[in-house]
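Visitor: I'd like to walk through this model piece by piece. Could you take my questions as they come?

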Amino acid sequence: MADRHESVPTLGAALDDAGRCRGGRSLSPLEASLELLDFTDGLSTALTVEDVARVAFGTVTRLGVTFAGMVLFEEDGDLGPRGGPPGAPLRTRVITWPRPPAVDRAWAAPGSWGPAVATQVMQTGRARFDTSAARYLRDFPDRAEVFAELGIEACASLPVVADGGDGPLGVLLLAWPEPRQFGPDCQAFLRAMASAYGRAIGRARRYERQMCTVETLQRAILPQQLPVVPGVQLTARYLPAGRDVGLGGDWYDATVLPDGTLALAVGDVGGHGLRATALMAELSHSARAYALHGLSPAAITTQLSANLAGSGSEILATAVIAQLDPATGRFSWSCAGHPPPLHLAGEGGRPRYLPEVHGPMLGVLSDHRYGQSGLRLAGPGLLLYTDGLVERRDVSISQRLEALAASAARVAGRDSSGRVPSGRVPSERALDRADIAAAAASTDLDQLCDALLAEIAGPGEREDDVCVLGVTLT
């Protein structure tokens with residue numbers, strides 16, 4: 001099929017004739033250069049196929065286009081006569097602007113390939129230019145409803161081709177509200193534009209495949225469910241970073257050890273992508289294995305750091321490794337350069353951070369012996385989290401930590417003085433289990449985590465992944 005493709009001119013050569021596609025004058029060299037710069041800049045920031053379509057549709061409006069559609073064939077799909085009869089099941093991805101009901105009815109029907117002309121364009125690899133609606137509808141009369149609703153009077157149907165000559169990825173349909181002529185220069189410009197879209201879509205598909213692989217691996221590493229431990233409530237949340245950042249190496253884990261102790265971990269591997277996720281898997285699995293073999297939190301962080309430093313990897317990581325005895329409420333932890341755990345009912349009943357840092361980031365020093373600290377877990381427990389929850393480029397980390405603590409106090413119903421609605425004021429003294437249960441009852445850990453994420457992480461795209469692991473005694 002590759003030998004039937006039309007020759008595609010370079011975009012730079014065709015831009016001189018963009019004015020003719022508008023029905024106006026030709027562009028000057030300077031105007032053509034500026035339009036090319038605008039066009040390529042937009043595509044260079046498009047990471048996903050949806051991004052490419054958004055940039056493309058925004059660009060073609062300059063040509064007077066009032067409707068644009070892109071039908072992309074999935075990579076595991078088959079192209080009709082090459083592998084089966086026309087109309088055989090085929091997976092397509094349809095993106096349009098705008099998208100009225102008539103388009104959904106015509107393009108999204110079972111077995112539909114999108115615009116009726118898509119079959120022809122995909123089979124021949126050649127663009128089609130219809131100077132009037134009547135000309136198009138002579139061949140495809142069933143699309144009269146769509147043309148009438150969208151007010152289409154002329155259209156161009158162009159193969160979207162990726163680099164490498166592997167065949168069209170799909171079809172780009174551009175429509176105008178009035179009849180028009182498509183001279184050779186205008187056709188060359190439109191084919192070059194579709195070619196640029198194809199290259200961008202090829203890159204976007206590779207990015208989406210990589211992100212899918214990374215996300216699948218990351219989801220497989222994170223616990224599918226948290227253990228059920230009598231007398232303990234656990235909750236966890238994971239929020240990925242914005243798509244322009246890529247998936248990172250944030251992780252959490254919780255497992256019950258043979259003696260009934262609960263082993264907890266939250267960590268953050270530097271960087272994003274497959275390397276960060278692979279290292280995340282290694283650290284997470286190693287931490288669990290060391291805990292199951294009876295190592296203390298301090299011994300685990302010491303061994304993880306030595307392993308990472310000796311691996312020759314340039315990537316560093318942070319972590320809090322902890323253990324909780326449900327019978328006594330004793331909580332022990334070792335912090336390796338990680339943001340401090342937030343005790344939700346610290347001294348005076350107010351949330352406070354556990355300030356002890358027992359060593360640098362994992363992998364910085366191969367011979368550092370990490371320490372650990374301990375406390376009696378009181379009240380509604382504590383939160384372990386990764387720095388994506390509190391770090392922002394334009395705000396200091398201390399301000400963000402203060403905001404998290406203040407938000408936790410509000411959600412838990414405590415005012416700035418540390419009072420709780422019941423009048424009970426948990427403290428760091430030894431509490432019996434009845435005291436602990438009564439204090440914990442004042443806050444539901446799941447609701448608290450959801451409220452904190454809504455207020456602190458926010459609904460928009462995040463600058464980094466966020467992991468939160470909460471634990472309390474019930």
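**Salt bridges, sheets and cores**

Guide: Let's start with a charged pair in this predicted model: arginine 135 makes a salt bridge with aspartate 130, and their closest N and O atoms are 3.8 Å apart.

Visitor: Is arginine 135 buried, partly exposed or exposed?

Guide: Buried means under 20% relative accessible area and exposed means over 50%. Arginine 135 has 36% relative accessibility, so the label is partly exposed.

Visitor: And what is the relative accessible area of aspartate 130?

Guide: Its partner arginine 135 counts as partly exposed. Aspartate 130, on the other hand, is buried, and its relative accessible area is 0%.

Visitor: Which residue does arginine 128 form a salt bridge with?

Guide: Look for a carboxyl oxygen within 4 Å of a side-chain nitrogen. For arginine 128 the closest N and O atoms are 2.7 Å apart, and the partner is aspartate 139.

Visitor: How many residues apart in sequence are the parts that this pair, arginine 128 and aspartate 139, ties together?

Guide: Arginine 128 belongs to strand β3, while aspartate 139 belongs to helix α7 (residues 133–139). The pair therefore ties together parts whose separation in sequence is eleven residues.

Visitor: Arginine 128 or aspartate 139: which is buried, and which is partly exposed?

Guide: Aspartate 139 has a relative accessible area of 46%, so it is partly exposed. The other residue has 10%, so the buried one is arginine 128.

Visitor: Which helices hold glutamate 455 and arginine 410?

Guide: The side chains of these two meet in a salt bridge, at 2.1 Å from N to O. The pair links distant parts of the chain, 45 residues apart: glutamate 455 is in helix α14, and arginine 410 is in helix α12 (residues 397–411).

Visitor: Which residues do salt bridges with shared partners join into one network?

Guide: A search of the whole structure turns up ten salt bridges. Those that share partners make one network of Arg128, Asp130, Arg135 and Asp139.

Visitor: On to the sheets. Which strands stand at the edges of the open five-stranded sheet?

Guide: The strand order is β6-β15-β14-β11-β12, with antiparallel pairing. An edge strand has a single partner, so one side of it is left without a neighbour in the sheet. That applies to β6 (232–239) and β12 (352–353).

Visitor: Which residue of β15 stands opposite alanine 236?

Guide: β6 pairs with β15 (residues 466–473) in the antiparallel sense, over eight bridges. Opposite alanine 236 you'll find leucine 469.

Visitor: What angle does the direction of helix α14 make with that of β6?

Guide: Helix α14 (residues 445–457) packs on the sheet, where it touches β6, β14 (382–385) and β15. Its direction and that of β6 make an angle of about 25°.

Visitor: Why is strand β4 described as largely enclosed by the rest of the structure?

Guide: Ala154, Ala156, Leu158 and Val160 point one way from β4, while Cys155, Ser157, Pro159 and Val161 point the other way, and all are buried. Strand β4 (residues 154–161) is largely enclosed because the buried count is eight of the eight residues.

Visitor: Which residue of β5 stands opposite proline 159?

Guide: β4 and β5 (residues 168–176) run antiparallel and are joined by eight bridges. Opposite proline 159 stands valine 171.

Visitor: How far apart are the end C-alpha atoms of helix α4?

Guide: Helix α4 (residues 49–60) has twelve residues, and at 1.5 Å a residue it should span 16 Å. The model agrees with that, because the end C-alpha atoms are separated by 16 Å.

Visitor: Which helix gives the largest share of the largest nonpolar core?

Guide: This core has 49 residues, and those with the most contacts inside it are Trp251, Leu264, Val269 and Phe331. Valine 269 touches residues including Ala276, Leu279, Met280 and Leu283. The largest share, seven residues, comes from helix α10 (residues 274–292).

Visitor: Last one: is threonine 261 buried or exposed?

Guide: Threonine 261 sits in the loop between β7 (248–256) and β8 (262–272). Beyond its neighbours within four places in sequence, it is in contact with Thr255, Val256, Gln323, Leu324 and Pro326. Its relative accessibility is 12%, so threonine 261 counts as buried.

How values were computed. Residues numbered from 1 in each chain as written. Predicted model: local features only at pLDDT ≥ 70, side-chain atom pairs only at ≥ 80, totals over all residues. Heavy atoms only, no water. Pairing = 2+ DSSP bridges. Helix = DSSP H or I, 4+ residues; strand = E, 2+ residues; numbered from the N terminus. Contact = heavy atoms within 4.5 Å. Axes fitted to C-alpha atoms, helices over the stretch in contact; angles between N-to-C directions. Expected span 1.5 Å × (residues − 1). Buried < 20%, exposed > 50% of the residue type's maximum accessible area, 1.4 Å probe, protein only. Core = buried A, V, L, I, M, F, W, Y, C linked by side-chain atoms within 4.5 Å.
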